[in-house]
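Ready to poke around a model with a few short exercises? Each one has a task and then a worked solution, so try it yourself before reading on.

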Amino acid sequence: MTKLSTRLSQFRSSSPLSFRLLAYILLFSSLFTLAASAIQIYSDFRRDVSLVDERMSVIETSYSSSLSRSLWALDQKLLQVQMEGILSLPDIVHLRLKIFPDSEVIMGNIPRQTSTKTRTFPLNYRGDEVYELGTLTITASLEDIFRDLRRKIIVILTVQFFKTFFISVLIILIFQHFVARHLSTMASYARRFSLQNLEEPLSLDRPDTPANRRDELSQVTEAFNQMRERLNDDVRQQKDDASEIQKLSMAIEQSPSSVLICDRHWHIEFANHKFFQLTGFNSEEIKGKHPGMLTSDSFSQRENQQLWQNIRLQVQRVGVWQGEINSARRSGERFWEQVIVTPIKDSKGSPTHFLILGEDISIRKRYEQQLLRQANYDVLTGLPNRMLALDRLKLALAQARREETLVGVMFLDLDNFKHINDTMGHEAGDNLLIEASRRISSCLRGTSTVARLGGDEFLVILPGLKDPLSTEQVAERILQTFTPPFQLGPQEVFVSTSIGIAIYPTDSDNSSSLLQNADAAMYQAKRQGKSAFVRYAPKMKDVSHERLQIESRLRRALELDEFELHFQPIVETDSGRLIGAEALIRWNNPSMGMVMPDKFIPLAEETGLIIPIGEWVIGEACAAAWEWKQATSLSLSIAVNVSPRQFRDPGFVDIVKQALDTHNLSPDCLELEITEHLILDNTIETADILQQLDAMGVRLSVDDFGTGYSALSYLKSYPFDTLKIDKSFIRDIMIEEGDAALVKAIINMAHSLSLEVIAEGVEESDQSLFLKEHHCDYSQGYFYNRPVSNADFLEWIRVNHLEQH
């Protein structure tokens, strides 16, 4: 008995489950039917329990897929029907559906004091990935099984006692070998199980047979290993997610744009490094604040409150807001920011946070403002340009229409500006324009506008006038401000201005006509002697229109071959021998007829057309001189007038050289006539060009000598060959003693400087005799011949001077 007791104690301690099972079998078996009854009862019991397990397996196999689809589709009605179908199966008394993450559905009741069997299996949806939707726990009642068991015990106890006893012992041994020891292995594995050893699978010490692979132990083992694999996958996924989150976090933190993340109430939760760098705030100062309420300025806060209210409404309606905001740094400095606001939504589409991206565009805004200013203001003077001036004029006219007032328009042009710009250089000209704009602006009131239209032209707009005389008063003030000299570097110059005035609505009711009328009045002021103002009169429009027509036709005259050269002979005064001719340009326009130079040359000077026209004249003159030599064998010189603007063209010397080379003409046959005004400049550029021409062998002549300022001190500095006495002195030498004395003095002075003299405008024999008497070298004028075309000039040579060959 002692040994048996010891063995039972050892058995009980080594396998508690087996011991309890043996005790239960012996307890429900009688002494007489222990062996047979135990075997029979246990067999029936296992069969019935297996039926329940199989039923649960069937449920899992049959319903898991359909339940997963219903759950994925959120079809609550179908889900309920399916669960009711499961609950209607035999022995199934309770269902518990757990829906991830935090929902569950319960159907049925678990009877009290009744044995049950529970089975839980996962519900997964398999698409491109496996999604865990929840678990279903099934509870089956064993009440019917135990009822049948008790009935059988009563029957079997009487006949199966011994069979039950021996079978019970056998079952216990079998259970110990096939179940209990494996359960101990599972328990030991479960105690060792952790996230650190997920790679170690659960394995049982038993043969790998098809039967073993299908039993419950195998299922439990497989379930353990599946759980381990799922956990392993989850750990790997979490590591991947953490890596992605870290990448995203680094990208946001290192973004070149500022990033703010606000909660659904627009309270700041996160800001990246760029935001702190851009604004100067730190995280403690902005945490929990509204992004529009960071500045302490109450006025800015009111503005921002309205702005962010509009942003919220836009985001709610459209889903995004994008625009420019004048934000403030911590120091109070304002800067422009390009901002994009978008919501961050959850799986249901509800916004949980708001993402605010910002980029500093202050530099771009400054460029835009600079471009806007350049588009509307003159770069040199800072005055409104033509485009802005026209806009302001239209606004002034619209206001005048409403208020029934007058608008004065004044067109200003500086007198002799081109001469100063050409002689003293562009820098001096720019300084003159700046000072002129300052003087004009000083004469105006705040509502008036002064604009630079281009070159030396200015526009003054006087809105809201009650009396037309107000414009004349302003014009008088402007003229007075131009009385003091302009200080251009070390030199003082006197510059006046000519002003044309037009008034709305008297002279016109639209801006375009007002400008044209004021322009016409300005040209009338210039014709009247400059440094004056003139009010527009209707007859001026015809003059202005004619000038506009001339300019338009002049621009195409060269292209249409409308220019021609006429030649006036230059003769030796003593002998009358032909020594050359002066080339004089004429414009033969089909509409206007023969146009004389004094009508179109000044306009060509103003527009710059004098440069291509002058190039054409030099080329044609050289061609004519070469033709004369071929036709008559006379080596005649050709004199060509050169304007100051043409002379200062950078390519002038090359043009002269090319013309000589093209027509194979000796340089000493070409004489360039330079105006007296040009040599008064005494600039390095003038001296250099004259020296280059002299080095080429081209003869140089001072044209119209005596009509300008005294140039005697400059004649020795420049390599001139000839002086031309202006015809205004020759005309009256036989009448006016002063003119005669002046001509004699010029001749003597020129000869003392080793210069030859040509007298222009000789029309009478007495004039020719006077010049011969006082040793004037050469003469030209109507007395010898009028300017004629090249063909007529050749004919004149053949008739009058061919014997000189």
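**Exercise 1: the cores**

The largest nonpolar core in this predicted model has 77 residues, and W628 and L672 have the most contacts inside it.

Task: find which helix gives the most to this core, then list what L672 touches.

Solution.
- Step 1: go to helix 20, residues 610-632, which gives the most to this core with 10 residues.
- Step 2: pick L672 and leave out residues up to four places away in sequence; what remains is V640, V642, F652, V656, L693, V698, R699, L700 and S701.
- Step 3: look beyond this core as well, since another one of 31 residues lies apart from it, with L414, F417, A428 and V460 among its members.

**Exercise 2: a sheet and its helix**

Task: work out the strand order of the open sheet formed by 4 strands, and say which strands sit at its edges.

Solution.
- Step 1: the order reads 2-1-4-3, with antiparallel pairing.
- Step 2: strand 2 (103-108) and strand 3 (116-126) are the edge strands, as each pairs on one side only.
- Step 3: on average, and ignoring direction, neighbouring strands here are turned by 15 degrees against each other.
- Step 4: zoom in on strand 1 (residues 92-99), which pairs with strand 2 over 6 bridges in the antiparallel sense. There you'll find L97 opposite V105 of strand 2.
- Step 5: now add helix 4 (residues 76-87), which lies across strand 1, strand 2 and strand 4 (130-141). Helix 4 runs at about 150 degrees to strand 1.

**Exercise 3: helix 19**

Task: which residues of helix 19 are buried, and what follows the helix?

Solution.
- Step 1: scan residues 597-607 and you get F600, L603, A604 and E605 as buried.
- Step 2: step past the end of helix 19 to G608, which has a positive phi, near 85 degrees.

**Exercise 4: a glutamate in a loop**

Task: is E760 buried or exposed, and which side chain does its own side chain make a polar contact with?

Solution.
- Step 1: locate E760 in the loop between strand 24 (756-759) and helix 28 (765-773).
- Step 2: its relative accessibility is 11%, so E760 counts as buried; the cut-off is under 20%.
- Step 3: the side chain of E760 makes a polar contact with the side chain of K724, at 3.2 Å.
- Step 4: K724 also turns up among the residues E760 touches beyond four places in sequence, along with E582, D703, D704, I725, D726, K727, I730 and Q780.

Notes:
Residues numbered from 1 in each chain as written. Predicted model: local features only at pLDDT ≥ 70, side-chain atom pairs only at ≥ 80, totals over all residues. Heavy atoms only, no water. Helix = DSSP H or I, 4+ residues; strand = E, 2+ residues; numbered from the N terminus. Buried < 20%, exposed > 50% of the residue type's maximum accessible area, 1.4 Å probe, protein only. Polar contact = N/O pair within 3.5 Å; in protein donor to acceptor, adjacent residues only side chain to side chain. Contact = heavy atoms within 4.5 Å. Core = buried A, V, L, I, M, F, W, Y, C linked by side-chain atoms within 4.5 Å. Pairing = 2+ DSSP bridges. Axes fitted to C-alpha atoms, helices over the stretch in contact; angles between N-to-C directions.
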